Amino acid sequence: EGGITGLGGLDLNEIRILFVSPGHRRHGIGRALVMHFETMVPPILFKDIFVYSMPGAARFYRSLGFQERGAVVFDTYGTPMETVFLTRTTG
């Protein structure tokens with residue numbers, strides 16, 4: 001259709017963004033992106049990969065072996081944004 005299927009961004013060992021368009025979810029695209037991110041984390045510097053996930057997406061990360069480490073609330077210009085902090089050992 002000429003649209004974006006999925007995109008992601010990694011900053012050292014933090015998944016900063018991961019999005020798969022609704023019509024393409026549950027086809028392994030998000031999983032493939034996370035697996036690719038893991039290969040990009042410099043193992044000499046970091047043993048874990050982590051993400052601050054929206055609460056509704058935490059189940060996806062747990063299905064990939066991420067461990068939930070707790071809730072974190074960020075202040076986004078005066079509006080609280082609830083997230084879930086998750087980590088997974090790479091390698």
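Good morning. In helix H1, the buried residues are Gly 30, Leu 33, Val 34, Phe 37 and Glu 38. I should state at once that we are looking at a predicted model.

How are these buried residues arranged around the axis of H1? Viewed down that axis, they fall within an arc of 145 degrees, and therefore they line one face of the helix. The general background is familiar: an α-helix has 3.6 residues a turn, so residues three or four places apart point the same way.

The length of H1 can be checked as well. The helix covers residues 29–40, which is 12 residues, and at 1.5 Å a residue it should span 16 Å. Its end C-alpha atoms lie 17 Å apart, in agreement with that expectation.

What covers the buried residues of H1? The cover includes four strands, namely E1 (6–11), E2 (14–20), E3 (48–53) and E5 (79–89), together with helix H2 (58–63).

I turn now to the aromatic residues. The structure holds six aromatic pairs. One of them joins Phe 50 and Tyr 52 in an edge-to-face arrangement, with 5.9 Å from centre to centre and 90 degrees between the planes. The two partners differ in burial: Phe 50 counts as buried because its relative accessibility is 18%, under the 20% limit. Tyr 52, with a relative accessible area of 32%, is partly exposed. A second edge-to-face pair is formed by Tyr 61 and Phe 66, whose ring centres are 5.4 Å apart and whose planes meet at 75 degrees. In this pair, both Tyr 61 and Phe 66 are buried.

Which residues do ring pairs link into a cluster? They are Phe 50, Tyr 52, Phe 74 and Phe 85.

Finally, I would draw attention to two backbone positions. Leu 12 has a positive phi of about 55 degrees, although it is not a glycine. This leucine, Leu 12, is found in the loop between E1 and E2. Leu 12 counts as exposed because its relative accessibility of 53% is over the 50% limit.

The other position is Tyr 77, also a residue other than glycine, with a positive phi near 55 degrees. Tyr 77 lies in the loop between strand E4 (67–76) and E5. Is Tyr 77 buried or exposed? At 87% relative accessibility, Tyr 77 counts as exposed.

To close, I return to the helix: the buried residues of H1 line one face, and strands E1, E2, E3 and E5 are among the elements that cover them. Thank you.

How values were computed
Residues are numbered from 1 along each chain as its sequence is written. This is a predicted model: local features need pLDDT of at least 70, side-chain atom pairs count only at pLDDT 80 or more; totals for chains, interfaces and linings use all residues. Side-chain values use heavy atoms; hydrogens and water are left out. Rings of Phe, Tyr and Trp (its six-membered ring) pair if their centres lie within 6.5 Å; planes under 30 degrees apart count as stacked, over 60 as edge-to-face and the rest as tilted. Buried means under 20% relative accessible area, exposed over 50%, partly exposed in between (1.4 Å probe, protein chains only). The expected span of a helix is 1.5 Å times one less than its number of residues. The arc is that of the directions from the helix axis to the C-beta atoms. Contact means heavy atoms within 4.5 Å.
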